[in-house]
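This report sets out selected local features of a protein model for the reader at the bench. It should be read alongside the sequence and the coordinates.

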Amino acid sequence: MSKDFRKTLKERPIVFDGATGTMLQRLGLKPGGCPDELNLTAPEVVRKVHSAYREAGSDVVTTNTFGSTRVKLREYGLDNRLREINTAAARNAREAVGEDGFIAGCIGPTGRFVEPVGDMGFDEAVDIFKEQAEALSAGGVDLFIIETMMDIKEMKAAIIAARETGLPVVATMTFDESMRTILGTSPEVFAVVADALGVDCAGANCSLGIDGIYRALAAMSTVTDLPLIAQPNAGIPVLKGTETVFPATPEEMAEYVPRLVSVGVRILGGCCGTTPEHISMMGADFRSLKAEKREPKRFTALASRTTVALFGGGLPPITVGERINPTGRKKLAEEIKEGKISIIRKEAREQADSGAHVLDVNVGVPDIDEAAAMKRAVFAVNENCRLPVVIDSPKIKAIEEGLKAVDGKPLINSVSGEEEKLRTILPLAKKYGAAVLGLTLDDDGIPKTAEGRLKVAEKILERALAAGLKREDVVIDCLAMTVSAEPRGAVETLRAIRLVKERLGLATILGVSNISFGLPSRGSINAHFLSMAIEAGLDSAIMNTKNEAMMDAYHASLVLLGHDEKAERYIGRFGKRGPARTQEQAGREEAAGIGEKIIRAVVDGDTEHIVGLVEEALREGWEPLRIGNEALIPGLDEVGRLFASNVYFLPQVISSADAVKMAFERLKGEMKGKKGAGLGRVIMATVKGDIHDIGKNIVCTLLENHGFEVIDLGKNVPAERIVEEAEKTNADIVGLSALMTTTVMEMDNVIKKLREHGVKAKTIVGGAVVTPEFAKKVGADEYGGEATEAVEKMKRLVGAEKSA
């Protein structure tokens, strides 16, 4: 076997191992113990697992280091032994499989979210993963597998850290049945981001059986040429007696392998519940199948946390909203200078509603910290719409801060043929996984002719490819020159677009409105020029998408050029357009009652204005309880509805919860003994042996905002402590969380002890491996499900109890 993993991946299919935790349980790992510590305390047990998979046919075995970042090891007081544990894990794997097998250094999630969803800075995340990657590399691993990630920004940080070692990187995220991660990322978004970051293989693992993993990978294959990896669970876990069992047999999983190969799977392994028997049978079938030829993707892809935007390569042109730019906009410039974001938030929502596909973000105001302003602006856009962003700045520090802040894959505006720009911007794009907008100007200025601009575009492309970017990630701006000053400017720009498309086949972009500067009725010229540019081959237009004449021209051009089959988008646009908003209607919206304004602020997650609106309500004579019951809670109810319908995802829910928390903090001083009874008292705990608490913490926040009193006991909580607290506080509900199959049965133990002690509190259980059937079997009163769903169920539980 060649010891060059990348070469081997090109030559033939590769078989990974299966579940480490499942095997360690078979060999006596007790619930609640630190699996990673076994690398030091029981290396022979770890080697036995690796050897079993190697004997079953695994080409690659994975180190027992899923939780070996300093964040996870700190839960067991082992963070000071991080390097020792990781290097020992690599040595154990090598000793078990010899020099012929590949060793993949396993990197798992930290259990924290990256800001603004969580409190972990992006640089901090990179540093955490870099520390582990360097230790694994020192131990002798051949590659990395970053797996079971739920936060796309945490995944980005881990990939960046791992790639700095120079070793190959395989990356997988975990999706639920809705084909989203817990934070709303789709398989397509992940594939676009991972491809741009330069991973060697991307895919999906855990949470789903082989059929669900197939659906995730089929979606990925529509947007990337990367080899794919499948690591399914052995079905969805079920409870048999007191044991959690993964029901899918090796034979059942092997039958699905041809479908995986058909969508581009080149690496096959297993996750929870899979054993050497599964790997042996699936691997034999996998090796016997010939890989199907995949058509190369020629389009450019950008991504937010939840959405992709595809253009070029024959796809319909897209629009880039230009309104988040302080040039000529005094109020926006003042707000940026003051560190505020309300106009940016508003523009993000309105441009998304007007039909923009991507948003340009520019915060270029003199005498400010532009890097900090860019971070704030990108966070605001990420939280207020689902669109990818263009990071628009001439300053390197601001661009890099924007690249760290952005959720998905952005476009950098801009690079050019200027040597300084090429030298500084291209490495940033490569490191952070961005596409680049290439201005067709160089150190000699803007060429007068289309041929001159084509030459600059060729130079940008050549340097971008040398820096490691894909040609699809180079988007050329042929520069719209003002026709009032350059009478033939429009003609040369259109010629340049055609030349770039014909000679280089690159995607094109243009700031359309520049063409009309200094002329009357600019909108008319802009709209006509847009149609001409699209006919010439323009793939993306930077424009005011709130201008109806421009959007009419855009949609009409799509129809006339065959990009809008059956004119469905065109008809839909005019079908949705109602009568023009009158001044009277605008006045009514402006005069919306304070209650409606607070509801809107909650729904928008407007932490900047929520306290001011609460104070306005108090001045108008609203009692604190009325503000909560008639404004804050209805706002949260609407957020829950949007979340249930997949309009909102967890980041928006958390943003709204933060706004409500600020409002309640302001109201505390006004209560003065007027506090109502509240909805009920809830004890929340992650059960003994389990150190995962992300989901529990989110539920706690939402419960508090809805009026519950929450007693959060934390994680790894013994049953006795939960029972004691429930008795002492006379709790209405006990909520239990578990993420792992090794700890989920502790819920059964806790519920039994609660009943033995005569505790009358209702019980609700939740977590990644918990199902409605499991909840019923262990005698819980409710199954939690999603965070907002769990809150509604707890409302019903206390309502039923109080009406009984």
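The sections below take up buried helical positions, a helix pair, a sheet and several backbone features.

The structure is a predicted model.

**Buried positions in the helices**

Residue N86 belongs to helix 6, which spans residues 82–97. Is N86 buried or exposed? Its relative accessibility is 0%, and N86 therefore counts as buried, the cut-off being under 20%. The side chain of N86 makes polar contacts with backbone oxygen atoms. One of these is the backbone oxygen of L82, reached at 2.9 Å. Another is the backbone oxygen of S68, which lies 3.2 Å from a polar atom of the N86 side chain. When neighbours within four places in sequence are set aside, the residues in contact with N86 are T65, S68, Q132, A135 and L136. S68 thus appears both in this contact list and as the owner of a backbone oxygen facing the N86 side chain.

A second buried position is A191, in helix 9 (residues 187–197). The relative accessible area of A191 is 1%, so this residue is classed as buried. Apart from neighbours within four places in sequence, A191 is in contact with M220, V223 and T224. A191 and L226 are 35 residues apart along the chain, and their C-alpha atoms are separated by 8.2 Å.

M220, one of the contacts of A191, is also among the buried residues of helix 10. How many of the 11 residues of helix 10 are buried? The count is eight, so helix 10 (residues 210–220) is largely enclosed by the rest of the structure. The buried residues are I210, G212, I213, Y214, A216, L217, A219 and M220.

**The pairing of helix 14 with helix 15**

Two packed helices are described by the angle between their axes and the distance between the axes. For helix 14 (residues 330–337) and helix 15 (residues 342–354), the angle is about 125 degrees and the axes are 8 Å apart. The two helices are therefore oblique to each other. Helix 14 contributes K331, L332, E335 and I336 to the contact, and these meet S342, I343 and I344 of helix 15. By class, four residues of this contact are nonpolar, one is polar and two are charged.

**A parallel sheet and the helices packed on it**

Strands of a sheet pair through backbone hydrogen bonds, either parallel or antiparallel. In the open sheet considered here, five strands are arranged in the order 22-21-23-24-25, and the pairing is parallel. Strand 22 (708–712) and strand 25 (782–783) are the edge strands, each pairing on one side only. Strand 25 pairs with strand 24 (residues 762–766) in the parallel sense over two bridges. Within this pairing, Y783 in strand 25 is the bridge partner of V765.

Helix 30 packs on the sheet and touches strand 21 (680–686), strand 22 and strand 23; the direction of helix 30 makes about 170 degrees with that of strand 21. Helix 31 (residues 746–756) lies across strand 23 and strand 24, and runs at about 175 degrees to strand 24.

**Backbone features**

Two cis peptide bonds and two positive phi values are collected in the table.

| Residue(s) | Feature | Value |
|---|---|---|
| E115 and P116 | cis peptide bond | omega about 10 degrees |
| N413 and S414 | cis peptide bond | omega about 25 degrees |
| S521 | positive phi, not a glycine | phi about 45 degrees |
| N730 | positive phi, not a glycine | phi near 55 degrees |

P116 is placed in the loop between strand 3 (102–107) and helix 7 (122–139). The loop between strand 3 and helix 7 also holds G118. With a relative accessible area of 22%, G118 is partly exposed. G118 and E756 are 638 residues apart in sequence, with a C-alpha to C-alpha distance of 39 Å. S414, in contrast to these loop positions, is found in strand 16 (residues 411–416).

Where are the residues with positive phi placed? S521 is in the loop between strand 19 (507–511) and helix 21 (522–536). N730 is in the loop between helix 30 (719–729) and strand 23 (733–737). At 54% relative accessibility, S521 counts as exposed. N730 is likewise exposed, with a relative accessible area of 60%.

Key:
Residues are numbered from 1 along each chain as its sequence is written. This is a predicted model: local features need pLDDT of at least 70, side-chain atom pairs count only at pLDDT 80 or more; totals for chains, interfaces and linings use all residues. Side-chain values use heavy atoms; hydrogens and water are left out. Axes are lines fitted to C-alpha atoms, for helices over the stretch in contact, and angles run from 0 to 180 degrees between N-to-C directions. Helices (H or I, at least four residues) and strands (E, at least two) are DSSP runs, numbered from the N terminus. Angles under 35 degrees count as roughly parallel, over 145 as roughly antiparallel, 65 to 115 as roughly perpendicular and the rest as oblique. Contact means heavy atoms within 4.5 Å. Ala, Val, Leu, Ile, Met, Phe, Trp, Tyr, Cys and Pro count as nonpolar, Asp, Glu, Lys and Arg as charged, and the others, Gly among them, as polar. Buried means under 20% relative accessible area, exposed over 50%, partly exposed in between (1.4 Å probe, protein chains only). Two strands pair if DSSP finds at least two bridges between them. A polar contact is a pair of N or O atoms within 3.5 Å; within protein, one must be able to donate a hydrogen and the other to accept it, and residues adjacent in sequence count only if both atoms are side-chain atoms.
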